[in-house]
Amino acid sequence: MSHARPHGRTGATGAASAWLALALVSLVATRVAHAQEDAPPPTTTVGALAADHSLVLRPAPSLREIAFEVREILALRTPIVVVLGADTPEDAPDVVNEGEVGIALTDARTTQEILEGQGEGDLHVRIVLGAPDRVTYATELTTSPERPASARSIALAILALRDSALVGRDPSVPPDPNAPAYTYRVPHDGPLGPHPSLVPALRPAFVFRFLLGVSAARSTALVGFGVGVGLCLSRDCLLLEADLPLLFEDRNAPPSARIDYRPSVLGLRVQLRPIVVGDVSFGFAIGPILRIGNAYVREMTTTFTTPGVRGTLVMGWEFVRRFECVIELGVDAALELARLPSPGVVLLEDVVTPWAILGLRVRP
């Protein structure tokens, strides 16, 4: 005996199951798509400091002693390397590179208080941490002579800045005004900074000196005084000089024809002193001179003009600001010799005249 199988009922049940599975898959895919659309985009941060990045403390000179203690505290609290770097300017702790920490004292007065010329307010210890992407993290600690900021409080502030730097900042979100951030600080002399200095680069100079020379031809001493005026750029000067001997120079001539000769000297010299050791400087001076003298013989006077060159080695000592003691050793070289034809032919000038000069220079 045979039985008939219900093929039509079984086919309908399988089709229904297939449609149900397809509907479930479609529903799941739709939910996943909506979830992906609703999910926030990945966050992009700037100014995030690497966790293993070392810290370089750059204190102002006035805070360098306490910076040693700050470094020791940070070394105990963090596994990263902490070193003490070069000083930062007293009023510019914000000029830091990545991983550097600027520490300096700042003025807590407002811009209006500074413009009104009010007295000094409370001081702040400003701490700035440099991060990548030219981002800085900063905070300030109130301090005073009675209650100065401790090394521990500065170290904890640095750790707080580092925690903020490790997270970074989302550029799409405005920064929290209460969070550590960069702030502009008005300088002590006003919002435009200190007034420019109008001190001229060129300064006038006045020279008073005593000269002691030797006549190489006659083996006689030459004594005189001199003055000078000019312009100086630092220790280098251009001087217009005048010398006047005190004594007449006797020439070898018969007693009946005694010759008295006293030349005055005008000169224009450049003095350069490139070597400086403390308050002492060394250099040289050179320039043309003109010797103008009157020769007296047999109650007659003859005037002679002789060109030449004066060169000296110079040493200056600034014993008081703007006042210098100057010592020069050198020679005068005559380019043309003055001759008196009667009696006989008498040379009135030496070819080379050694000089020693002791002077006082004033540069107002």
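Student: What makes the spot just after H4 worth a look, and what phi does Gly 168 take there?

Tutor: Gly 168 takes a positive phi of about 85°, directly following H4. Labels such as H4 come from DSSP runs, numbered from the N terminus (helices: H or I, at least four residues; strands: E, at least two). Before we go on: this is a predicted model, in which local features need pLDDT of at least 70 and side-chain atom pairs count only at pLDDT 80 or more, while totals for chains, interfaces and linings use all residues. Residues are numbered from 1 along each chain as its sequence is written, and side-chain values use heavy atoms, leaving out hydrogens and water.

Student: How do you know whether the length of H4 agrees with its 17 residues?

Tutor: The expected span is 1.5 Å times one less than the number of residues. For the 17 residues of H4 that gives 24 Å, and the end C-alpha atoms are 25 Å apart, so the two agree.

Student: Which residues of H4 are called buried, and what do they pack against?

Tutor: Buried means under 20% relative accessible area (exposed is over 50%, partly exposed lies in between; 1.4 Å probe, protein chains only). The buried residues of H4 are Ala 151, Ile 154, Ala 155, Ala 157, Ile 158, Leu 159, Leu 161, Arg 162 and Ala 165. They pack against S1, H2, S3, S4 and S5. It helps to recall that an α-helix has 3.6 residues a turn, so residues three or four places apart point the same way.

Student: And Ser 150: why is it called partly exposed?

Tutor: Ser 150 has 37% relative accessibility, which falls in the in-between range, so Ser 150 counts as partly exposed. Ser 150 belongs to the loop between S5 and H4. Its C-alpha is 8.0 Å from that of Ile 66, although 84 residues separate Ser 150 and Ile 66 in sequence.

Student: What makes a group of residues a nonpolar core, and how many residues does the largest one have?

Tutor: A nonpolar core is a set of buried Ala, Val, Leu, Ile, Met, Phe, Trp, Tyr and Cys residues joined through side-chain atoms within 4.5 Å. The largest has 28 residues, and Ile 127 and Ile 158 have the most contacts inside it. At least two residues each come from S1 (55–59), H2 (64–77), S2 (82–84), S3 (100–107), S4 (123–131), S5 (135–143) and H4 (151–167). H4 gives the most to this core, with 8 residues.

Student: Which residues does Ile 127 touch?

Tutor: Contact means heavy atoms within 4.5 Å. Leaving aside residues up to four places away in sequence, Ile 127 touches Val 101, Gly 102, Ile 103, Tyr 137, Ala 138, Thr 139, Leu 141, Ile 154, Ala 157, Ile 158 and Leu 161. There is also a second, separate core of 6 residues, including Tyr 261, Ala 295, Ala 338 and Leu 348.

Student: How do you know that Cys 232 and Cys 237 form a disulfide?

Tutor: The rule asks for a pair of cysteine sulfur atoms within 2.5 Å. The sulfur atoms of Cys 232 and Cys 237 are 1.9 Å apart, and the pair passes. The structure holds 1 disulfide. The torsion about the S-S bond of Cys 232 and Cys 237 is about 105°, which means that the disulfide is right-handed.

Student: Are those two cysteines, Cys 232 and Cys 237, buried or exposed?

Tutor: Cys 232 is buried, with a relative accessible area of 1%, and Cys 237 also counts as buried, at 4%. Cys 325, at 25%, is partly exposed.

Student: Why does Arg 310 count as buried or exposed, and which side chains does it meet?

Tutor: Arg 310 has 2% relative accessibility, so it counts as buried. Arg 310 sits in strand S12 (residues 300–320). A polar contact is a pair of N or O atoms within 3.5 Å (within protein, one must be able to donate a hydrogen and the other to accept it, and residues adjacent in sequence count only if both atoms are side-chain atoms). The side chain of Arg 310 makes such contacts with the side chains of Asp 243, at 2.7 Å, and Asp 332, at 2.6 Å.

Student: How many aromatic pairs are there, and what decides their type?

Tutor: A search of the whole structure finds 2. Rings of Phe, Tyr and Trp (its six-membered ring) pair if their centres lie within 6.5 Å; planes under 30 degrees apart are stacked, over 60 edge-to-face and the rest tilted. The rings of Phe 210 and Phe 225 have centres 5.4 Å apart and planes at 65°, so this pair is edge-to-face. Phe 210 is in S6 (residues 202–215) and Phe 225 in S7 (residues 220–233), so the pair ties together parts 15 residues apart in sequence. Trp 317 and Phe 319 make a tilted pair, with 5.6 Å centre to centre and 50° between the planes.
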